[in-house]
Amino acid sequence: MVANITYVIRIRTASLGAQKISTDHLLKAPLSELLEHAATLRDSGHTDRLSYSRKVFIPLTRLCRDSCSYCTFATTPSNVPTPYLSPDDILKIARNGEAAGCKEALFTLGDKPELRYEAAREALSDMGYDSTIHYLAAMCRLVFEETGLLPHANPGAMTTEELDMLRPVTVSMGMMLESTAPTLCEPGGVHYGSPDKTPESRLQTLRNAGEAKVPFTTGILIGIGETREQRLGDLLTIRDVHETHGHIQEVIIQNFRAKPTTRMANAPEPDLDDLLWTIACARLIFGPEMNIQAPPNLSPGVYPKLVSAGLNDWGGISPVTPDHVNPEAAWPEIETLAERSAETGKTLVERLAVYPSHIRDATHWMEPAMATATLRASDAGGLARTEDWAPGVDTASPAISTLRSRPSPGISTILEKAALGDVPNETEIARLFQARDIDFVELCETANTLRRATNGDDVTYVVNRNINYTNICTYRCTFCAFSKGKTAENLRGKPYRLDMEEIGRRTAEAWSRGATEVCLQGGIHPDYTGETYLDICAAVKDAAPDMHIHAFSPLEITQGAQTLNLSIEGFLSRLKDAGLSTLPGTAAEILDDEVRAILCPDKLNTDEWLSVMETAHGLGLRTTATIMYGHMEQTVHWARHLLRIRALQERTGGFTEFVPLPFVHMEAPAYLKGFARRGPTFREAVLMHAISRIVLHPIIPNIQVSWVKMGEEGIQACLNSGVNDLGGTLMNESISRAAGTVHGQECGPLEMERMITDAGRRAVQRTTLYNKVPSERISASYNAEPLAAIA
């Protein structure tokens, strides 16, 4: 008797409603009903995405101690040139995969052949290994270290000790449960004579993998002599093990295919309806979030049917190696699979060997080296990073492909509401950050329409100078490559501290070159007090009385107030009297304490940052707002950040602009230590600007793009996605340059205006507060002398 399914299906519009579905109902319900519910459930968890992994298939050994009646992969020593692929052969396959853009190295092999074949034992002994698992672990390490491919191992049934041996050199593992029907292991059954296919052995491996914290792939093989009731029982068993450990990342529904030369060559194959029924039941049993897969090469020509049953993943697809387990079934071309997926209204997305569900907590599910490699290969959603572009890198931006003819209903609805003035909520904003294909285009067009309504076709910039007065800092923000201790040095320069005379000199020089603003920021020097910041203001005003002082983030404000035993309001009032005009919105990073606890644990928390800004606004000091994104956070944190900025703006109206600052990874400690990504992808960076426009419209009218971080191609894309401001000419830029950006230190007025006009827009020089610039200042900026060399 199979237990009832206890998962509650939450489908508001489905006829079943929110109720428990019994196995009896699944067995008797019309297929069309199950397909409808399964597809709806899938869409609630995976929206419009179908995923796949670009892999290279490495058949470590085709020897196996088991004798399954349907298998053509396993063979005998007399039928292979060597019992195991050599390290050189393995590396050759892996390097071909690396060259073809693969991310996954799939190791498939027979179960423990050394327990059956003398040839296997001798081969292992000659190579210095005592087991197939031992050799597998060494080859996984070799491929990872030589190519960077992420190993996924399918060695069959495993003990806890064997899992522990493989875990440090793999990002995930897998083993098909296939079926626990006891008759299959009896004489005449497909698993007779296969000791590793006993239900007890397979189920214990599933439990062992969970206890070992291994992201694990499993599934069932249908049509090999089991009943539908037994299939449901197996799916429920997998679900129960997963609910205990949380490690099952994917459930595969694989249909039996009869193969010549096997004992099941003439056995009937499951028909399409049987496959669709099983996929739909798997979705209903596991719910919206689980990844349900059916191999596309085993069901060619019926992709829309498979999608209608509730799957969300096509499995691993190799552009360079065949499916050695099903050699008669060629992989589909990835481009063709993308086109067929688009015809069903879905976007094909590339994933890694380990799914986003487990990448989100990578340090729990993987050893440090594997977690680091996975983070570096992933985007903010945990999917594969498919481009070389990164902020601050001089690399061409990738094209955004559009294969689908219609936008996703979910995205369109959010955008339509936003265009009418409704502010998206946290869930909706996170959904917008998933936009790809035609959804990406529609979202950027919506942002641009809002920009045009607010700003027209003017694109503004300010002639200013950055003065970073010290790089010595007592804080240890994990993203910062700029700050240094008193004696620390690295490849990007020595610790320094500018004196007031030099600050004044740079200010005067900036004024002579047409600047209307100096932006002053630096590290939190241990010797600095609030008086230091007051002295800096005085030095600027002495050098250029009409210069606008844009200075001091909430962190400097808090530190300065504390050293003078003043309230935040009291210290800001003194700075305002000394000439401070506006504050930069830096030190915000991600306004979510879940992220800040790792990213900048000794810095201001979210409420403290917002409180300083609210106090400044109350004193009439306008500020900017920023977000620094693309490191260790997720899209939900971006959504929270934007909503918190909006909420404060609704109360005070004090923000002049919003500035997305993509994380520059190259020299950042968090990246070098292995717990940050490579910055946002190009798609994510453009979306950040577009979604900022949508969420903050109309109360923050100006969205700025950082030319230092995005480069010229990024600027052009963002100008077509809601941006109306290019920020400052800078003259000097130290912070991003310390992190590794190559986009220069100054972008003069002529270059600014060329980029703007190249985008078909009108360039307008502005002041910090977006006012008109006196003609004398504009003339001076056009005729500026080269900067004097600075020590």
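Helices and strands are DSSP runs, numbered from the N terminus, and by this numbering P83 lies in the loop between β3 and α3. The structure described here is a predicted model. With a relative accessible area of 19%, P83 is buried, because residues under 20% are placed in that class. P83 and P327 are 244 residues apart along the chain, and their C-alpha atoms are separated by 19 Å.

Aromatic contacts were examined next. A pair of aromatic rings is described by the distance of the centres and the angle of the planes. In this model the count comes to twelve aromatic pairs. One of them joins Y84 and Y135, whose ring centres are 5.7 Å apart and whose planes meet at 80°, so the pair is edge-to-face. This contact links distant parts of the chain, since Y84 belongs to the loop between β3 (49-61) and α3 (87-99), while Y135 belongs to helix α5 (residues 132-147), and the two residues are 51 residues apart. Y84 and Y135 are both buried. Elsewhere, ring pairs join Y469, Y528, Y533 and F552 into a cluster.

Aromatic rings also take part in contacts with arginine. The charged end of R376 is placed over the ring of Y671, at 4.0 Å from the centre of that ring. In a further case, R766 lies over the face of Y770, and the distance to the ring centre is 4.1 Å.

The cysteine residues were then considered. Zero disulfides are found in a search of the whole structure. For C480, the closest cysteine sulfur is that of C477, and the two sulfur atoms are 6.3 Å apart, which is too far for a bond, because a disulfide requires a pair of cysteine sulfur atoms within 2.5 Å. C480 has a relative accessibility of 19% and therefore counts as buried. C281, with a relative accessibility of 0%, likewise counts as buried.

The search for enclosed space covered the whole structure and found two cavities of 30 Å³ or more. The second largest cavity holds about 30 Å³ of space. Its lining is formed by A418, G421, D422, V423, R646, I694, V695 and H697. By residue class, the lining of the second largest cavity comprises four nonpolar, two polar and two charged residues.

H697, one of the residues lining that cavity, also takes part in a backbone feature. The peptide bond from H697 to P698 is cis, and its omega is near -10°. P698 is located in the loop between α26 (682-696) and α27 (707-719). Most residues other than glycine have a negative phi, and most peptide bonds are trans.

Positive phi values were found in residues other than glycine. For A587, phi is near 70°. A587 is placed in the loop between β16 (580-583) and α22 (593-599), and at 7% relative accessibility this residue counts as buried. For L730, phi is positive as well, with a value near 75°. The loop that contains L730 runs between β19 (725-728) and α28 (735-739). The relative accessible area of L730 is 11%, and L730 is therefore buried.

Conventions: Residues are numbered from 1 along each chain as its sequence is written. This is a predicted model: local features need pLDDT of at least 70, side-chain atom pairs count only at pLDDT 80 or more; totals for chains, interfaces and linings use all residues. Side-chain values use heavy atoms; hydrogens and water are left out. Buried means under 20% relative accessible area, exposed over 50%, partly exposed in between (1.4 Å probe, protein chains only). On a 1 Å grid over the protein atoms alone, a cavity is a set of points where a 1.4 Å probe fits but cannot get out, and a pocket is an open set with protein on both sides within 12 Å along at least five of seven lines; lining residues have an atom within 4 Å of a point. Grid points are joined across faces, edges and corners, and a volume is the space filled by probe spheres set on the points. Ala, Val, Leu, Ile, Met, Phe, Trp, Tyr, Cys and Pro count as nonpolar, Asp, Glu, Lys and Arg as charged, and the others, Gly among them, as polar. Rings of Phe, Tyr and Trp (its six-membered ring) pair if their centres lie within 6.5 Å; planes under 30 degrees apart count as stacked, over 60 as edge-to-face and the rest as tilted. Helices (H or I, at least four residues) and strands (E, at least two) are DSSP runs, numbered from the N terminus. A charge sits over a ring if NZ of Lys or CZ of Arg is within 6 Å of the ring centre and within 35 degrees of the ring normal.
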